[in-house]
Amino acid sequence: MKVKIWGDSYSVALDESRVRSNQKRVLLRLLDGKWHPSTELMQVGGSEWGRRVRALREGQFGGMRVDRRRRDNGVWEYKLAPESVDKKVIESVFIVSGTET
């Protein structure tokens, strides 16, 4: 049985390259374990950067821990906990399989 990881409206042909590309950029930015403002994540992950951060927290990406905090100026910052990163999950993000539907 295939597992749908992106939802019912996801189409491999139409969406996989874009979604994986955005997911990769957000993940790469957060892999350093430092705090990154939402404005920075929007620059690398596009208008749906928040979805990419949430996806990192979900089971399909190994349930990584992404912390957040609010700065004094009202901007939110996000940080990936390095100990929550699973190598197999990282590999799955960076390998385009073309088998998910």
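What is the mean pLDDT of the protein chain, and what percentage of its residues reach 70 or more? I checked this before anything else, as the model is predicted. The mean is 78, and 71% of the residues reach 70 or more.

**Low-confidence segments.** I then looked up where confidence drops. Over residues 1-6 pLDDT stays under 50, and the model has 10 contacts beyond four places in sequence for this segment. Residues 97-101 also have pLDDT under 50 throughout, with 14 contacts beyond four places in sequence. I base no reading on either segment.

**Core.** I looked next at the largest nonpolar core, which has 16 residues. L30, V53, L56, M64 and Y78 have the most contacts inside this core. At least two of its residues come from each of α1 (12-30), α2 (38-45), α3 (49-57), β3 (76-80) and α4 (87-94). The largest share is that of α3, with four residues. I note for context that nonpolar side chains tend to be buried together in soluble globular proteins.

**M64.** I listed the contacts of M64, leaving aside neighbours within four places in sequence. Earlier in the chain, M64 touches L27, L56 and R57. Later in the chain, the partners of M64 are L80, S84, V85, V89 and I90.

**Helix α2.** Which residues of α2 are buried? I found S38, E40, L41, V44 and G45. Viewed down the axis of α2, these residues fall within an arc of 155 degrees, so they line one face of the helix. I also checked what comes after α2: G46 follows, and its phi is positive, near 80 degrees.

Conventions: Residues numbered from 1 in each chain as written. Heavy atoms only, no water. Core = buried A, V, L, I, M, F, W, Y, C linked by side-chain atoms within 4.5 Å. Buried < 20%, exposed > 50% of the residue type's maximum accessible area, 1.4 Å probe, protein only. Contact = heavy atoms within 4.5 Å. Arc of directions from axis to C-beta. pLDDT = per-residue confidence, 0-100.
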